[in-house]
Amino acid sequence: MTSLATKFTGLEFVNPFILASAPPTESKRKILKAFDAGWGGVVTKTIGLHPVENVAGPKTIYQRTSEEKPYVSRMKRPDTVSHSSWNWELISDQPLEQWLPDLKEIKEAYPDRMVIASIMAGAGSEEEMGNWRKLATSCVEVGCDALELNLSCPHMDRKDMGAHVANDEDIIRSILKAVTDVVDVPIWVKLTPATSTLVDAARAAYEAGASCISLCNTFPSLPLMDPETLKFEAEVDGLVTSGGQGGLAILHQALLRVSDISKAFPDKEISGIGGIRGFREAFNFIVHGAGNLQICTAAMEEKGSGGVGVKLIEELKTDLADYLERHGHDSIEAFRGIARERIVEHSQVRRKSDDYNGGYQEPTAAE
């Protein structure tokens, strides 16, 4: 018998597909609708204790492209397909005090679905460590099954929050210690892909008690400017700042990051994010080592679903079940990580001759 059920970070998921921390999980109403539709879990929109106020304009836009006019733009035109999303949306503006009774009600209504609370505070002071502890204990006390620490938000002014701290292994360790000292649930750590020290950051997180690494948050980026109007496709008073790109456009980059972590830590767990629109993309995350799949842009783009991907989750479950049955697999564990050993250094890929030496020139006797 094939089963969509998966065990991930010690938690029993009815299926491996969950909604990522984003607008699809910004409220009790949306989360309940997502569970009605069949999602196996949700990561809530990030909950914090600091004041939040979004921009006075569009927070998220969707870029499209076409074969006839293959430029990328949010402009609606015939026969276009999704290319990516771009957002400069901040964390939840709903206060902790409002989230807590909502989370309790959600978990009581769907005890078999996993509720992971995304939380974020600052760093560098005991007050901020106290904020991490308060957020963690409060969410766990109302029934959340796990926590996801947001160390990856790509648009923060504060230098001690979000993606800014992902390069500092001492900060990563201090935040994890603050959280693991006060709660006993799986701790997921969402890291930014925009760093050259991703493996080192993941190592610090795993060693400090992280149950999994979640990859990838959106990539820091800018929206496009229209050549005729000279306006950005998202702006306020003519101004724009760095936001995050997601959707299909980041798929290949996200897979590389997941592969890097999977190869460095083959026995550790990874939640894969970035560009999943259907089973084929999900499959690729799984073969590179992910045991859990988070989805955002594709759910938000689905018309008539309220942004929670009602048709999408049915398609994902149906296609996964079909694949498992056709290939005789009991679960995704049968093929998770099978690509890992086939990702090698350039010098290990066969060349047209035997003379290739990785770009190094053999020294001569005189040298």
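## Salt bridges and a helix pair

Aspartate 181 and lysine 177 join their side chains in a salt bridge, at 2.7 Å from N to O. The term here asks for a side-chain nitrogen of Lys or Arg within 4 Å of a carboxyl oxygen of Asp or Glu. Aspartate 181 counts as exposed because its relative accessibility is 52%; the cut-offs are under 20% relative accessible area for buried, over 50% for exposed, and partly exposed in between (1.4 Å probe, protein chains only).

A word on the ground rules: this is a predicted model, where local features need pLDDT of at least 70, side-chain atom pairs count only at pLDDT 80 or more, and totals for chains, interfaces and linings use all residues. Residues are numbered from 1 along each chain as its sequence is written, and side-chain values use heavy atoms, with hydrogens and water left out.

By the salt-bridge rule, the count comes to 18. Here are three of them:

| Acidic residue | Basic residue | N to O distance |
|---|---|---|
| aspartate 181 | lysine 177 | 2.7 Å |
| glutamate 128 | arginine 158 | 3.0 Å |
| glutamate 207 | arginine 173 | 4.0 Å |

Take the salt bridge of glutamate 128 with arginine 158, at 3.0 Å. The pair ties together distant parts of the chain, 30 residues apart: glutamate 128 sits in helix H3 (residues 126-141), and arginine 158 in the loop between strand E8 (146-151) and helix H4 (169-180). Helices (H or I, at least four residues) and strands (E, at least two) are DSSP runs, numbered from the N terminus. Glutamate 128 is buried, at 6% relative accessibility, while arginine 158 is partly exposed, at 32%.

Then there's glutamate 207, bridged to arginine 173 at 4.0 Å between the closest N and O atoms. This pair also links distant parts of the chain, with glutamate 207 in helix H5 (residues 198-207) and arginine 173 in helix H4, 34 residues apart. Glutamate 207 is exposed at 57%, and arginine 173 is partly exposed at 32%. Both belong to a salt-bridge network with Glu169 and Asp170.

Now for some helix packing. H1 (residues 28-37) packs with H2 (residues 96-109) at about 15 degrees, their axes 10 Å apart. That makes the two roughly parallel, a label for angles under 35 degrees. Lys28, Ile31, Leu32 and Phe35 of H1 meet Trp99, Asp102, Glu105, Ile106 and Ala109 of H2, contact being heavy atoms within 4.5 Å. By class, that contact has 6 nonpolar, no polar and 3 charged residues.

Definitions and conventions:
Axes fitted to C-alpha atoms, helices over the stretch in contact; angles between N-to-C directions. Parallel < 35°, antiparallel > 145°, perpendicular 65-115°, else oblique. Nonpolar A, V, L, I, M, F, W, Y, C, P; charged D, E, K, R; others polar.
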